[in-house]
Amino acid sequence: MKTMTLLAMAGAVLATGASAQRPDPRPAFHFAPQRNWMNDPNGLVYYDGEYHLFYQYNPHGDRWGHMSWGHAVSRDLVHWEELPVAIPETADIMAFSGSAVVDWNNTTGFGRNGKPPLIAIYTGHNPKAKLQSQYLAYSNDRGRSWTVHGEVLSVGSPEFRDPKVFWHAATKRWVMVAVMALENRAVLFTSPDLKQWRFASSFGPAGGHGKNWECPDLFELPVQGGAPGERRWVLSINLGDNAIGGGSGGQYFVGDFDGTRFTLVAGWPSDAQWMDYGADFYAAVSWNDLPKDDPRRIWIGWANDWRYAEAIPTWPARGLMTVPREVTLWKTPLGYRLAQAPVREVERLRGTRQDFTATLGETPLDLPIAGGSADLMVDLDTGSADQVTIALTDEQGYQTLIGVNPGVDELFVDRTRSGPHFHDGFPARHIAPVDMKGKRVRLRVLADQSILEVYAADGTRTITDRFFRGGGQLRWSASARGGSARLSLQAWPMADATKDTR
Ligand code: FRU
């Protein structure tokens, strides 16, 4: 019977003439392009009722190459509409990562009919000339079509990339933070008009070192729990390898920025402070120009790891973003810490809530969660147990675990047995330190077919990991090891945002 089904299925797929591959389950509430390769988020900007999400995209295949800016828009950060490629590669130049702004004061002169232009500043990567320099393109039709103005900043380097540009109100000029990737340095420039750039300062190496630094961001946040009115600047930097999850990942620094120079707060630790402890959170950058009545800082990350990014077993699209996350800054007894939470708009996709409480022991208990796309609030009292786990199991017995080890204050995601092997870097256990002295821990878990986003310690610790099942539906269960524990769960099935019309 089983053989028949498989043969019939293979036949059906082959009959389409497309490929012998089976499409993998699509996420319900995470953005993925319909097909082809995607990496970093680019050009995040809000304008005229729309959040723009541009991204590194290969229009011609499902591996890295022909880098162009793909494009999607949303009115609420959860329902995304994929649009045609915004900035294609040209004969010599690929469109690498960068950012976008609304040029409200028309400093560029590219505005039309009294309307501000959207300006994209991105890296033109010229493999023949071995040069990376910064390019400007503009749009007068809400990002639907773009005119490439050309190169605006070159330092003659093959590794100068990923400009994040924003308006610095205090000095009334534009600021760019980019990287000298191999030198592990962030470099800052300023400009009156986004076309002429002047070198301002350099930061690094510092914190985590790697083969390269990539995709920086720089933004100011109020400090929760700090002195009244205290505000600080966050410099985020991504590392191409050598990050906490084993491959590529992000770190951040907290300090001050005077429009020219970023300086660390006193006592900032010399070791890396990680944005996320999983393997699949990379190149996160934040939106520019959110509406005046929305004080949030929101970023989104690419849910992948450069070690195995091109090998992940998905088809016909290879690329997924996390949900947009609100980023806040806290003063804690341990120092300044970033916290992340899914944007509240994600909750709009929640279906009917299921409540469930249970005492857990060695025998796994089924949880009343239907399917692989869910939003969970989990309260654990670890009691006498030395480990508590929630397992996601597929029909072939492959299993991904979310768990805590109170004795060693660890939260983990274990994907050592989460699906058929495809890359040596993939099967691993990712650990985040979480204080569990009180034996209680609250986890927010977003699961969406092939991604887990786990938020703990009020969002100051997150683990973002992809997982790829062997086949069939996913089933949820929970258990405790070495004693008994209490679980209290609120679970919402999530609507498919690609079909949902709310
Ligand atoms: C980061 C990155 C960037 C570069 C882009 C190319 O993932 O390597 O530094 O601009 O990807 O696609």
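Start by selecting the ligand and the 13 residues that surround it, counting a residue as near if one of its heavy atoms lies within 4 Å. The closest are Asp40, Gln56, Arg161, Asp162 and Trp306. This is a predicted model, where local features need pLDDT of at least 70, side-chain atom pairs count only at pLDDT 80 or more, and totals for chains, interfaces and linings use all residues. Residues are numbered from 1 along each chain as its sequence is written, and side-chain values use heavy atoms, with hydrogens and water left out.

Next, show the polar contacts (pairs of N or O atoms within 3.5 Å). A polar side-chain atom of Asp162 sits 2.6 Å from a ligand oxygen, and one of Trp306 sits 2.8 Å from a ligand oxygen. At Ser97, look to the backbone: an N or O atom there is 3.2 Å from an oxygen of the ligand. Now turn on the surface: the ligand taken alone exposes 320 Å², and the protein buries 95% of that (Shrake-Rupley method, 1.4 Å probe).

Then move to the largest pocket, which holds about 990 Å³ of space. Pockets are found on a 1 Å grid over the protein atoms alone, as an open set of points where a 1.4 Å probe fits, with protein on both sides within 12 Å along at least five of seven lines; lining residues have an atom within 4 Å of a point. The volume is the space filled by probe spheres set on the points. Of its 33 lining residues, select Trp167, Asn288, Asp289, Leu290 and Arg297, the closest to the centre.

Finally, colour β13, which gives the largest share of that lining, 6 residues.

Definitions and conventions
Polar contact = N/O pair within 3.5 Å; in protein donor to acceptor, adjacent residues only side chain to side chain. Helix = DSSP H or I, 4+ residues; strand = E, 2+ residues; numbered from the N terminus.
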